[in-house]
Amino acid sequence: MRPLTEEETKTMFEKLSKYIGENIKLLVDRPDGTYCFRLHQDRVFYMSEKILKLATNFSRDKLISVGTCFGKFTKTKKFRLHITALDFLAPYAKFKVWVKPGAEQSFLYGNHVLKSGLGRITENTMQYQGVVVYSMADVPLGFGVAAKSTQECRRVDPMSIVVFHQADVGEFIRSEETLT
C-alpha cells in the first residue's frame, strides 16, 4: 500500500470533483481525525490514519482490502469510481436526480434513467455532469452522468435518456464475486 502519485491524485480528484465539486476538502479534512487515500493493487482506498498504521503490520501480498474502496485505475490510467464510494459521495453531491418508484428497479438492474422515470433534478445541472441518483424517499441508489441539462430535460420526449448509468447498489448482488 502506497500513497498516490501526483498524477494519480490529480486524476482521481478530477473524477471526484465531477460529483462533489470542491467538497473534496471535506473528505480529507474531517473533524473526527485525519483521513487519506492509498493505492493497493490499482485500487484506491480511503481510510483513517489510525487504520493505515494498523494495516502496516501486514505484508502487501497478504493484504486484500483496508478502508473503503473508492475506485480503481484502469490499465490506461483512467480512474473508475466504484459503488462502494456512494456513502461518501451522496452527502456531498452537488447535483442530484430523483427517480420515480417505478423506475427505481430499472436503474438498479443497470439501465439508464429515462425522462419518464425522472422525478426531480437539481436546477442548473449541465450536460455530462456527474449526478447522484436518489429514490423519491431520498435513499441514494447510485450515480451516473447527466445526458441532458435541466433545461433540456423539460422538453425532451418521455423515452429519452436523461442520466447515463454508471453504478448502482444493485451491483452488490449482481457482481458479488468481483467486488472488493
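**Close-up views of a predicted model**

In this predicted model, the protein chain has a mean pLDDT of 90, and 97% of its residues reach 70 or more. Among its elements, strand S7 (residues 96-99) has the highest mean pLDDT, 96, and helix H7 (residues 171-174) the lowest, 76.

**View 1. Strand S7 and its two partners.** Here we look within residues 95-170, listed in an unreviewed UniProt entry as "domain: PUA". This stretch is 18% helix and 41% strand. S7 pairs in the parallel sense with strand S10 (residues 130-135) over 4 bridges, and lysine 96 has valine 132 as its bridge partner there. With strand S9 (residues 118-121), S7 runs antiparallel, joined by 3 bridges; the partner of valine 97 in S9 is isoleucine 121.

**View 2. An edge-to-face ring pair.** The whole structure holds 10 aromatic pairs. In the one shown, phenylalanine 13 and phenylalanine 37 have ring centres 5.9 Å apart and planes at 75°, so the pair is edge-to-face. Phenylalanine 13 sits in helix H1 (residues 6-20) and phenylalanine 37 in strand S3 (residues 33-40), so the pair ties together parts 24 residues apart in sequence. Phenylalanine 13 is partly exposed at 26% relative accessible area, while phenylalanine 37 is buried at 9%.

**View 3. A stacked pair between S7 and S10.** Tryptophan 98 and tyrosine 134 are stacked, 5.9 Å centre to centre with 25° between the planes. Tryptophan 98 belongs to S7 and tyrosine 134 to S10, so their pair links parts 36 residues apart in sequence. Tryptophan 98 is buried at 12% relative accessible area, and tyrosine 134 is buried at 6%. Look too for arginine 120, which lies over the face of tryptophan 98, 4.0 Å from the ring centre.

Conventions. Residues are numbered from 1 along each chain as its sequence is written. This is a predicted model: local features need pLDDT of at least 70, side-chain atom pairs count only at pLDDT 80 or more; totals for chains, interfaces and linings use all residues. Side-chain values use heavy atoms; hydrogens and water are left out. pLDDT is the predictor's confidence in each residue, from 0 to 100. Helices (H or I, at least four residues) and strands (E, at least two) are DSSP runs, numbered from the N terminus. UniProt positions are given in the numbering used here, feature names are shortened, and annotations may be inferred rather than shown by experiment. Two strands pair if DSSP finds at least two bridges between them. Rings of Phe, Tyr and Trp (its six-membered ring) pair if their centres lie within 6.5 Å; planes under 30 degrees apart count as stacked, over 60 as edge-to-face and the rest as tilted. Buried means under 20% relative accessible area, exposed over 50%, partly exposed in between (1.4 Å probe, protein chains only). A charge sits over a ring if NZ of Lys or CZ of Arg is within 6 Å of the ring centre and within 35 degrees of the ring normal.
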